[in-house]
Amino acid sequence: AERASVAYEESRATIQKFLNAKHPHEIIFTKNCTESINLVAHSFGETLQNGDTVLLSYLEHHSNIVPWLQLKERKAINIEWIEIDEEGHINLSQYQKLLEEKNVKLVAITGQSNVIGVRPQIKKMTDDAHAHGARVIVDAAQLVAHHSIDVQELDCDFLAFSGHKMYGPSGIGVLY
């Protein structure tokens with residue numbers, strides 16, 4: 001049991017280094033990316049109140065849409081959609097306008113589209129969200145296998161991915 005516990009904590013430290021997180025305890029193991037996003041929706045999401053807004057983009061995978069729609073039903077929050085242009089890039093001026101005009105508490109954004117491969121400007125979007133008092137969760141399911149991720153540089157509040165996207169086993173996910 002002791003060896004298993006040590007191996008488990010060593011794997012947490014490995015993921016900490018992989019993401020450049022500050023501390024191993026910032027790494028939470030889940031079943032997959034979807035469960036990680038749901039965990040945020042059922043924890044942080046419960047702090048949201050009627051009239052608060054979650055921003056989603058048209059690039060999102062259903063696993064980063066459904067938990068927020070379910071939260072909307074439970075808590076009467078608002079969902080606003082960030083538009084994309086003809087090439088699939090986030091409309092940053094519309095995003096900024098939503099941050100300014102809506103009571104945005106959370107931006108739930110993909111790190112890389114699973115359909116067209118577009119990578120939003122996560123660092124800029126996170127900086128803008130934080131400037132307006134909002135938190136950011138990054139769905140990094142596609143991003144994690146293709147690009148290095150530095151959560152300290154991105155300054156995101158949450159980040160989720162699955163092991164199988166990196167050719168690891170099914171049934172393991174990470175929530176930072």
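Is E80 buried, exposed or partly exposed? I looked it up first: E80 comes out partly exposed, at a relative accessible area of 23%. Buried would need a value under 20%. Note to self: this is a predicted model.

**Entry 1: salt bridges**

I stayed with E80 and found its partner, K102, with the closest N and O atoms 3.7 Å apart. E80 belongs to strand β3 (residues 78–82), while K102 sits in the loop between α4 (92–101) and β4 (104–110), so this salt bridge ties together parts 22 residues apart in sequence. K102 is partly exposed too, at 34% relative accessibility.

Then I searched the whole structure and got seven salt bridges. One of them pairs E46 with R74, and here the closest N and O atoms are 2.8 Å apart. E46 is in the loop between α2 (33–42) and β2 (53–57) and R74 is in helix α3 (residues 66–75), so the pair links parts 28 residues apart in sequence. I checked accessibility for both: E46 is partly exposed at 34%, and R74 is partly exposed at 39%. K75 joins in as well, since E46, R74 and K75 form a network of salt bridges.

I also pulled up D127 and K123, a salt bridge with its closest N and O atoms at 2.9 Å. Both residues are in helix α5 (residues 122–131), four apart, which is about one turn of the helix. That spacing makes sense to me: an α-helix has 3.6 residues a turn, so residues three or four places apart point the same way. D127 is partly exposed at 35%, and K123 is partly exposed at 34%.

**Entry 2: helix α3**

R74 sent me back to α3. Which residues of α3 are buried? I get P67, W68 and L71. They span an arc of only 95° around the axis, which puts them on the same side of α3. The buried residues of this helix pack against α2, β2, β3, β4 and β5 (135–139). As for its placement, α3 lies across β2, β3, β4 and β5 and runs at about 150° to β3. Right after the helix comes A76, and I noted its positive phi, near 60°.

**Entry 3: the sheet**

Next I traced the strand order. I read an open sheet of seven strands, β1-β7-β6-β5-β4-β2-β3, with mixed pairing. β1 (28–30) and β3 are the edge strands; each has a single partner, so one side of each lacks a neighbour in the sheet. From one strand to the next, the twist averages 20°.

I zoomed in on the β1 end. β1 and strand β7 (residues 173–175) run antiparallel and are joined by three bridges. F29 stands opposite V174 in β7.

**Entry 4: nonpolar cores**

How many residues does the largest nonpolar core have? I count 33, and L19, V107, I149 and L159 have the most contacts inside it. At least two residues of this core come from each of α1 (2–19), α4, β4, α5, β5, α6 (151–154) and β6 (158–162).

I followed L19 outward, leaving aside its neighbours within four places in sequence. L19 is then in contact with I27, I149, D150, V151, L159, F161, V174 and Y176. V174 turned up again here, having appeared opposite F29 in the sheet.

Last lookup: there is a second, separate core of 20 residues, including I65, L106, I137 and L175.

How values were computed. Residues numbered from 1 in each chain as written. Predicted model: local features only at pLDDT ≥ 70, side-chain atom pairs only at ≥ 80, totals over all residues. Heavy atoms only, no water. Salt bridge = Lys/Arg side-chain N within 4 Å of Asp/Glu carboxyl O. Buried < 20%, exposed > 50% of the residue type's maximum accessible area, 1.4 Å probe, protein only. Arc of directions from axis to C-beta. Contact = heavy atoms within 4.5 Å. Core = buried A, V, L, I, M, F, W, Y, C linked by side-chain atoms within 4.5 Å. Pairing = 2+ DSSP bridges. Axes fitted to C-alpha atoms, helices over the stretch in contact; angles between N-to-C directions.
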